[in-house]
Every structure is written in structure tokens, then in C-alpha cells.
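The following exercises concern cross-links and charged pairs in a protein model. Please work through each task before reading its solution.

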Amino acid sequence: MWWKSLGLSLVVFAFYAERLEKSSVFHKMDTTKLEIDTANIFKSWCTFLETRKIQFSEVVTTQFVHETGFFTSSVYQNCNNPSGMKMNKRGIAKKVCEGHAYYNTVLDAIEDYRLYQSRMLYLARQQGRPCETNEDYFALLEDLPHLRGHRYAQDPKYIDKLKARMAYMKNL
């Protein structure tokens, strides 16, 4: 249950951060006085994903935030699905929920992502495209090794949006 409180903390942060960013006084405010320690929330998620053997945890944390609208989407809340994963014949999920995979727990969803990621990284190594940096992983998401010429997401600007969001979250 602690991961839900971590998600809730991130949601609260997101609400304030988006409001501040859109506010005309954003650049006049001293954002260091905010009571929400966003840097530690981001680091905590990254550390948690690393304990679950998820590689490129900064990118994956950013994906989770992006896919769930800062953990507020119905797919996350109703389906325990932080990554927006669809049904996958090799995956853990056995049911469909709102057109996405349904997981009994968020931990199941994270494990499913780990399995998906390990297969993807293995295939990339087999194709001579080893992944060692966040930039390599972004490139891999842009051209999936198991579906050459296809992207992780349908949005052609997905990677650019992830990079911008990750930079923003890391610099708060």
C-alpha cells in the first residue's frame, strides 16, 4: 500500500507544479519553499523501480507519470496499470480493463513491465543495439527491437515529451 501513498504524493506534486508552471507568477516565486519535496519523490520512484530490477528507472518513472497523468488516470486507478500496457500474450495480466491490461496489484504491473523490458533489451542486444544510457533507451523506445520500425507509443512526439518531462522532474 505504500506505493499508493507515493503515487498520491506525486499527484499532489503534479497538481501544484502544473499550476505553478502555468501561473504568471511562476518565475517570480521562490519554488524552493514549496512543502513538497519533488526531487525526493522522483528519486524514490526511481529507487523503488531499481529494487524491482527495472532498468533506466528515470525514463520508466517518467513514462509512468506521463502515461497516468501523474497517477490520476482511470487506467491507473481502476486497472492498477501505471505504464498504460495493453494486453500481452506473454504478460502477467489476464483481463482487459478500459482497453488496457488489468493487474491485481501495481506490483504485478511493474513486474510485467520488467519482463517486457527484459525481452526488449535482450532483442536489442541480439540485433547489435546494446542499451547503456537513457538516450539509448529512448532510441529503443523510438524503434522497438521486436517490432522494427514501430514505436512504443502512437504519438510521434512521445519521446520528445518524455525527455522534456524527465528534465523538468529532475530539475525541480
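**Exercise 1: a charged pair**

Lysine 163 is partly exposed, with a relative accessible area of 31%; buried means under 20% relative accessible area, exposed over 50%, and partly exposed in between (1.4 Å probe, protein chains only). The model is predicted: local features need pLDDT of at least 70, side-chain atom pairs count only at pLDDT 80 or more, and totals for chains, interfaces and linings use all residues. Residues are numbered from 1 along each chain as its sequence is written, and side-chain values use heavy atoms, with hydrogens and water left out.

Task: identify the salt-bridge partner of lysine 163 and place both residues.

Solution.
1. A salt bridge requires a side-chain nitrogen of Lys or Arg within 4 Å of a carboxyl oxygen of Asp or Glu. Glutamate 135 meets lysine 163 at 3.2 Å, N to O.
2. Lysine 163 belongs to helix 7 and glutamate 135 to helix 6, so the pair ties together parts 28 residues apart in sequence. Helices (H or I, at least four residues) and strands (E, at least two) are DSSP runs, numbered from the N terminus.
3. Glutamate 135 is partly exposed, at 47% relative accessible area.

**Exercise 2: the disulfide**

Task: determine the handedness of the disulfide and the elements it joins.

Solution.
1. A disulfide is a pair of cysteine sulfur atoms within 2.5 Å. The sulfur atoms of cysteine 79 and cysteine 97 are 2.0 Å apart.
2. The S-S torsion of cysteine 79 and cysteine 97 is about -70 degrees, so the disulfide is left-handed.
3. Cysteine 79 lies in helix 4 (residues 74-79) and cysteine 97 in strand 1 (residues 95-97), so parts 18 residues apart in sequence are tied together.
4. Both cysteine 79 and cysteine 97 are buried.
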